[in-house]
Amino acid sequence: KIELDGRRVRKCTLDPSPNGDRRRWTISLHEGRNRQVRRMFAAVDCRVVSLVRTAFGPVELGRLRPGDFRRLTPQEESALRQAAGQGDRDKQSKTDS
């Protein structure tokens, strides 16, 4: 159990590299607190050299480089809204009318 800013960090998954490289890990977070990964690793006396974000919720980032962006597909936008608990905006606006 690790605390950051006086609050426990929500559970995350931590998987070693499939090729056996003990220096590389895949971590899946369920919240994104400031410098969370670096601070969690520091709490267990491990140093993070680099981080690569591969997805944001249900949206896979693909080959985006730092600073690049792209438009979400309609399916990604809907999946992101579902993950945020907002549901589908079009369906929601129709029921509000």
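**Exercise 1.** In this predicted model, work out whether E77 is buried, partly exposed or exposed, and find its salt-bridge partner.

*Solution.* Start with the surface. E77 has a relative accessibility of 28%. Partly exposed covers the range between under 20% (buried) and over 50% (exposed), so E77 counts as partly exposed. Next, look for the partner: E77 forms a salt bridge with R81, and the closest N and O atoms are 3.3 Å apart. Finally, check where the two sit. Both belong to helix 2 (residues 74-83), and because they are four residues apart, about one helical turn separates them.

**Exercise 2.** Which residues are joined into one network by salt bridges that share partners?

*Solution.* The network is made of D21, R23 and R24. Now zoom in on one of its pairs: the side chains of R23 and D21 meet at 3.2 Å, N to O. Compare their surroundings: R23 is exposed at 74%, while D21 is buried at 17%.

**Exercise 3.** What parts of the chain does the R39 and D5 pair tie together?

*Solution.* First, the pair itself: R39 and D5 form a salt bridge, with 2.9 Å between the closest N and O atoms. Then place each one. R39 lies in helix 1 and D5 in the loop between strand 1 (3-4) and strand 2 (7-8), so the bridge links parts 34 residues apart in sequence. As for exposure, R39 is partly exposed at 26%, and D5 is exposed at 59%.

**Exercise 4.** Is Q36 buried or exposed?

*Solution.* Q36 lies in helix 1 (residues 36-43). Its relative accessible area is 2%, so Q36 is buried. Leaving aside neighbours within four places in sequence, Q36 is in contact with L4, V9, L29 and E31.

Technical notes. Residues numbered from 1 in each chain as written. Predicted model: local features only at pLDDT ≥ 70, side-chain atom pairs only at ≥ 80, totals over all residues. Heavy atoms only, no water. Helix = DSSP H or I, 4+ residues; strand = E, 2+ residues; numbered from the N terminus. Buried < 20%, exposed > 50% of the residue type's maximum accessible area, 1.4 Å probe, protein only. Contact = heavy atoms within 4.5 Å. Salt bridge = Lys/Arg side-chain N within 4 Å of Asp/Glu carboxyl O.
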